[in-house]
Each structure stands twice: as C-alpha cells, then as structure tokens.
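Subject: The model, and what turned up in it

Hi,

Here is the structure I promised to pass on. Please have it open while you read the notes underneath.

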Amino acid sequence: MLGTHNSMSYLPVSKWWMKPFAFIARCQNKSIVDQLKAGAQYIDLRVRPNKKGKWVFAHGLIEYTSITIEETLKEIAEYINEKSLKVEIVLTLEQTKVSQNDLDNFNNFCIYLQKLGYGNILNYATNKLDWKINYRFDNDFYPLTTSSFSSAPFEACYRDKGIYAYLPPCCYASAFNEADIPLFTCKKKSVIPACAGMTLGAAVDGVVRRARL
C-alpha cells in the first residue's frame, strides 16, 4: 500500500519558535488532496491537544495551523467519495508520554469525530507510547487483525540506507522515493500484512513528497 507519513506536516507551524525546526518535522510538501491524487491509500494523521485544549495536527515538538482536523476530514471525505476511493486513515496521538487521562481524552475525541460522521472514512486510532489500538472506527479497508502494529516493513525499508535513516524526511524522499514507490503500489491485499499499515506509512516516509507516481 502506498502511503504518506505525517501526512499533514506540509502545514504552516503554529508558533514562531517552531519555524527553525519545521524542516526536520516536515515529511510532505503536497496538500492532503494532492497526496490522494498522487495515489496515496494510507493517510497518517498525527494529533494532540494544544495548551488551550484544542486538538491540532502535530509532529514531535511541532504543531500545525491553518486548517482544523474536522475541516481536513471533510476535505478527505468529499474527495474520496467523489472518486469512489478506498483509503486507510489512521489517527495517532502524537505524544511520547501518555497517561490514562490522555487516552481517555483521545478516546472522547474519537467518539466526537464518529458522531460528526467521519467514522466511515477513519480506520482506527492509536498512540505513540505502545502503538496499541485505542479506538476502532467504521472504515474496514485493510482491517487490522491484531491489537498493535509490526515494525518489520519500516525496518526493512530503512535497512542499509545508512545516514539517510537519520536525516530529515526530505533527504530520504529525494534519494529513495523513485525506487521505493513501485514496491508499495501493488493493489493486492496479500502483499502487505494488514498489521503493517502504520509502519508501512513510516517506511515510505514522504513518498508522495515528490509526486513521482
């Protein structure tokens, strides 16, 4: 499955002090709809509540602005419904320290999105602490058969890439996207294990960044 890692990291950052670090966190330079147009079937949405309690897109220390999560889901829904596309969309709590209260708040946010009607395009919600599934939505495209993810595809893709595995995503994308894209464009479900969705998205980090599809 062809996917994009940190799919919303093309957005502008929310704070001035985040700007010097934005290039490190940026994995995409195309809008979410353009990623779908380029063939992405896996969308990786990283979210967390900001200091004011509002849920925003994030990656590491960086938080993004200009479009809300609800507006993004509406945009995705309109496009994939118009084109009759099947897409796997995963919501990840972008925090390395996660308390039970954090998980409860995340679960409530998922319920809120479900009530808004976006459960039919979202697959599941997870968190960066243990990658366990915290909430299952209604979209069963490439359904998970386990309660967590496998890191094998991610490790396999970065194997023997040397220093590129530690550089900003754009460096990896520039060097390897052209070779990686054909590996993940097969439409047969049996080729990629169902439990590999998240890590596959990470493995093809920035894969639509250059839109070489």
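Below are my notes on the salt bridges, a buried threonine, the nonpolar cores and the last helix region discussed here.

First, the ground rules. This is a predicted model, so local features need pLDDT of at least 70 and side-chain atom pairs count only at pLDDT 80 or more, while totals for chains, interfaces and linings use all residues. Residues are numbered from 1 along each chain as its sequence is written, and side-chain values use heavy atoms, with hydrogens and water left out.

**Salt bridges**

Side chains of opposite charge can pair when their charged atoms come close. A salt bridge here is a side-chain nitrogen of Lys or Arg within 4 Å of a carboxyl oxygen of Asp or Glu. The whole structure has four of them, and Asp44, Arg46, Glu94 and Lys128 are linked in a network.

Arg46 pairs with Asp44 at 2.8 Å, N to O, and with Glu94 at 3.1 Å, N to O. Glu94 sits in the loop between β5 and α4, whereas Arg46 belongs to strand β2, so this pair ties together parts that are 48 residues apart in sequence. (Helices, H or I with at least four residues, and strands, E with at least two, are DSSP runs numbered from the N terminus.)

Glu94 also bridges to Lys128, with the closest N and O atoms 3.1 Å apart. Lys128 is in the loop between β6 (124-127) and β7 (133-136), so here the linked parts are 34 residues apart in sequence.

How accessible are these side chains? I use buried for under 20% relative accessible area, exposed for over 50%, and partly exposed for in between (1.4 Å probe, protein chains only). Asp44 is buried at 1%, Glu94 at 3% and Arg46 at 5%, while Lys128 is partly exposed at 24%.

**Thr92**

Thr92 lies in strand β5 (residues 88-93) and is buried, with 0% relative accessibility. Leaving out residues up to four places away in sequence, its contacts (heavy atoms within 4.5 Å) include Asp44, Arg46 and Lys128 from the network, as well as Phe106 and Trp131.

**Nonpolar cores**

A nonpolar core is a set of buried Ala, Val, Leu, Ile, Met, Phe, Trp, Tyr and Cys residues joined through side-chain atoms within 4.5 Å. The largest has 40 residues, and Leu91 and Ile121 have the most contacts inside it. Helix α3 (69-83) is one of the elements that supply at least two residues, and its six residues are the largest share. Beyond four places in sequence, Leu91 touches Leu45, Val47, Phe106 and Phe109, among others. Another core, of seven residues, lies apart from the largest one and includes Val90, Ile133, Phe141 and Tyr142.

**Helix α6 and Tyr164**

Helix α6 (residues 169-180) has 12 residues, but its end C-alpha atoms are only 14 Å apart, short of the 16 Å of a straight helix (expected span: 1.5 Å times one less than the number of residues). Its buried residues include Cys170, Tyr172 and Phe176. Seen down the axis, the buried residues fall within an arc of 155°, so they line one face of the helix; the arc is taken from the directions from the axis to the C-beta atoms. The face turned away carries exposed Glu178 and Ala179.

Tyr164, in the loop between α5 (152-158) and α6, is partly exposed at 32%. Beyond four places in sequence, Tyr164 contacts Cys171, Tyr172, Ala175 and Phe176.

Best wishes
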